[in-house]
Amino acid sequence: MTVITNVSRRDLLKGAAAASGLVLGFHVGFRKLPFAEAAEGPTFAPNAFLSIDQTGLVTIVASRSEMGTGIKTDLPLVLADELEVDWNQVKVVQGQGDPKYGDQNTDGSRSTWQFFGPMRLAGATARQMLETAAAQTWNVPVSECQAQNGFVVHAPSGRKLAYGDLAKLAATMPVPPSSQVRLKDRKDWRYIGKPRAIVDLKDIVQGRATYGIDVVLPGMKYASVERCPVYGGKVKSYDPKDALSVAGVERVVEIPATPMPSGFKPLGGIAVIASNTWSAQQGRQRLKIEWDYGPNAGHDSAPYRAELEATAKEPGKVVRNHGDVDDALASAAKRVSADYFVPHLAHAQMEVPNAVAHWVANTCQTWSPTQNPTQVRQTVAQVLGINETDVTVNVTLLGGGFGRKSKPDYVAEAALLSRMVGAPVKVTWTREDDIQHDYYHAICAQHLEAALDQDGRANAWLHRTVFPAIEATFQPDVVYGSGGELGQGVVDMPYDIPNVRCENGAAANHVRIGWYRSVYNIPHAFAVCSFADELAAAAGKDPVEYLRELLGPPRTLDLKALGVVADYPNYGVDELAPGIANQYPIDAGRLRGVLDLVAANSNWGEKLPPRQGRGIAVHRSFLSYVAVVAHVAVGNDGQVTIPRLDMVIDCGTIVNPDRVRAQLEGAAIMSIGNALYSNITIKEGRIEQSNYTDYLVPRIDVTPDTHVYFVENDHLPSGVGEPGVPPTAPAICNAIYAATGKRIRALPVDPQLLKA
Amino acid sequence: MSQIKINGVEHTIDADPQMPLLWAIRDIVGLTGTKFGCGVGACGACTIHLDGQAVRSCLTTLADAQGHEIVTIEGLSADGTHPVQLAWEANNVPQCGYCQAGQIMQAAALIKQTPKPTDQQIVDAMSGNICRCGTYQRIRQAIKSAAEAV
């Protein structure tokens, strides 16, 4: 349900001043939120905001965070399309964190599918009201009035009025119910589906764009915080004397530690407050701190990995079960098994966590690069012990997010420090802080087994996964994955196999675990897509042919019938957009579609020189379907290069094809990093990597020639930011097998294993 | 006191001469287009020009910079019309955009020194600049198109 109210009209009725323009607020109905059923009233709040002033300037609020996906451009573009306005007349402004915008948590690749409908409706509603206002002005039937590019035109007389001239009258009109709003026909879309430059492009290339780290307030102090190197540790004692002797250092204060699980709250530590960032960092190096390292001080990656791998060998909690896997395995013509491993990963987004906060008279203003302004508000209010309404959340551009900036711990640090210091404070993490105190992508060990029949067809599939859960960062004693986590490539496994059992083994956590671009799809797609390739090899069949066989006939999957025990939230669509949830089944036909297109476009099957090969992987995530063919070359020294990648996405209706292309290109690079370089290891509870010098991410030298293709259809939009990541790494590893005959079952790839 | 000329303007900076130019530019001079990424010269986000050469401002001290011409992204062109900036726009290079000032400064120095760079020269010049969004393919394209425009 979507309810629209004319805010300016309401304000008029209340006698408020803001009556000079048409202001439309609108709000997505969320089934579970109390205001969903309310037509108007104090709890009714819009989730995005459109205004047209009398000069004709159209202002559209971007309520979702811009971290590089283009969403700040693309959702306003959808509204502008339906509004029938010249994009050059539109000013896009970033909204503050405010419940009136509804859900602002920019993650899960869901902004477009969640807001495409509401944005269209908002634009169309405004367009219709402007037409009505024109009809009233001219005293003609509204059916003779048509909105065109910022004007309403009366065709019979040739008269026209600009939106700005109609704004005042339109502001007094009742808002038509959504049932009476005419959306444009697809064929009449002027912006949706066409490439469009992002609104911040010029500012970015001229160095004028404002990220969190660029915010400066008068009288602002700069802080650098030393945190315990071990998760769960705390300060025993500290001596600030030497730090205070550094020029520019003004104060040294303690941020209290949050006991584990620390959730969104600060880790705690000793903060050096100075007149500039450098002095704060210098002072910090002179701190003398004695730590109580806490229970994780003995945690080492190597034995922990062995523990997870041992768990994966044993039966776990059954989360999907149909047919009789044990019987089918016992009677198999051929039995295949393999174990896969993916380490912890760090986000390493280019802009480190940072925030500015200003505590004034029991209220707090914040400026931060955050994916989740709602959570900033809540967490800052919690740590300060004030009402959420007394926290102002300003959202800047984000220098990358990838899930790290869904967690507002760094904003809460700034808020606490501002209160302690009595001045605005900017907290800037160092890169070392970022790498060593991240919310890490979960380490994961998996065991797979399959039974093949005489013809090489898969008759049984057993998949065990063991990983620390994200929920363990927030709740004590969580050792199993949630339905959402297991629904990222385990229980939603789409292959048409008669006997399937999926299990989840228990794993304790020893670091903060968090969302990282495509999340648990990373290990699960790596294992599932690699194992499919192993089965093809065992069956002696071409991998593309074999995947077609595995995917089976076009159909949508009924997970209940397929024995899925856990909740399957389907990337949140059931909860966040119940009205359209039935449009997003797991569709084997769409998987087949992307597979066929990538095979057709990638020279699949053409001969390559020795030590070169192609690999394929296909995976559904975030409601979208992606297939990737990687062409790799493996040097005699074992180094892997990737001359070419072909990627196909079916993400339904595309708003901005250039940004979809960019997201796929970028996802490929990130996945190359996951496959070939990135690796977080832990010794005595301490992260062993510290910066880009030892936490490796891809650079331009490994960049393939990436070709992106779309499956064009009329389905509703689905996720774009993340789905390119999961299948790329296994496609690369399958290509390595094709090139060398060696299977990669642990990431990152060890070149030593691939030497000629 | 350090006397530093940035984008043609002399600045008198009262700070430790060992302070990296990056922090002096950002926190004291107030030009925030130059970005902090790693602090150890490993990512290129803080790249500026020192006498026309691309250098990492996180490793260049105020003392090092004294007496040299410093140019930041704000001073690369008056109005964003440097051929590299135009090429970045035409190719829609940026995603989050955070690293792009450093990428552009690095690419501008490359084009100045090597007006028609080969693919390998592009890789060699740009491998010190990380883009975590993964815009490298477009960076490559943009440098080639800027080179053609020069």
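In the predicted model, A:Ala223 has A:Ile273 of strand E12(A) as its bridge partner. This pair belongs to the region where strand E9 (residues 221–226) of chain A meets strand E12 (residues 269–274) of chain A. The two strands run antiparallel and are joined by 5 bridges. In general, the strands of a sheet pair through backbone hydrogen bonds, in either a parallel or an antiparallel manner.

Strands E9 and E12 are part of an open sheet of 7 strands in chain A, ordered E11-E12-E9-E19-E16-E17-E18. The pairing within this sheet is mixed. Its edges are formed by strand E11 (249–255) and strand E18 (391–395) of chain A, each of which pairs on one side only. From one strand to the next, the twist averages 25 degrees. Helix H10 (residues 373–384) of chain A lies across strand E17 (363–368) and the edge strand E18 of chain A. With respect to E18(A), helix H10 runs at about 145 degrees.

The nonpolar cores were examined next. In soluble globular proteins, nonpolar side chains tend to be buried together. The largest nonpolar core of the model has 237 residues. Those with the most contacts inside this core are A:Leu130, A:Val594, A:Leu595, A:Val628, A:Ile732, A:Ile736 and B:Ile104. Helix H14 (residues 521–539) of chain A supplies the largest share of the core, 11 residues. When neighbours within four places in sequence are left aside, the contacts of A:Val628 are A:Val598, A:Ala617, A:Leu645, A:Asp646, A:Met647, A:Pro727, A:Thr728 and A:Ala731. A second core, separate from the largest, has 39 residues, among them A:Ala355, A:Ala357, A:Val383 and A:Leu417.

Chain B is assigned two domains, with domain 1 spanning 2–75 and domain 2 spanning 83–149. Taken over C-alpha atoms, the centres of these domains of chain B are separated by 21 Å. The contact between them takes 15 residues from domain 1 of chain B and 12 residues from domain 2 of chain B. On the side of domain 1 that touches domain 2, strand E3 (47–50) and strand E4 (53–56) of chain B each supply at least two residues. The largest share of this side, 3 residues, comes from E3(B). By residue class, the side of domain 1 of chain B that touches domain 2 comprises 6 nonpolar, 8 polar and 1 charged.

Conventions: Residues are numbered from 1 along each chain as its sequence is written. Chains are lettered from A and ligands numbered from 1 in the order in which they are written. This is a predicted model: local features need pLDDT of at least 70, side-chain atom pairs count only at pLDDT 80 or more; totals for chains, interfaces and linings use all residues. Two strands pair if DSSP finds at least two bridges between them. Helices (H or I, at least four residues) and strands (E, at least two) are DSSP runs, numbered from the N terminus. Axes are lines fitted to C-alpha atoms, for helices over the stretch in contact, and angles run from 0 to 180 degrees between N-to-C directions. Two residues are in contact if their C-beta atoms, placed from the backbone, lie within 7 Å. Domain bounds come from an automatic or database domain assignment. Ala, Val, Leu, Ile, Met, Phe, Trp, Tyr, Cys and Pro count as nonpolar, Asp, Glu, Lys and Arg as charged, and the others, Gly among them, as polar. A nonpolar core is a set of buried Ala, Val, Leu, Ile, Met, Phe, Trp, Tyr and Cys residues joined through C-beta atoms within 7 Å. A residue is buried if 20 or more other C-beta atoms lie within 10 Å of its own, exposed if 12 or fewer, and partly exposed in between; C-beta atoms are placed from the backbone.
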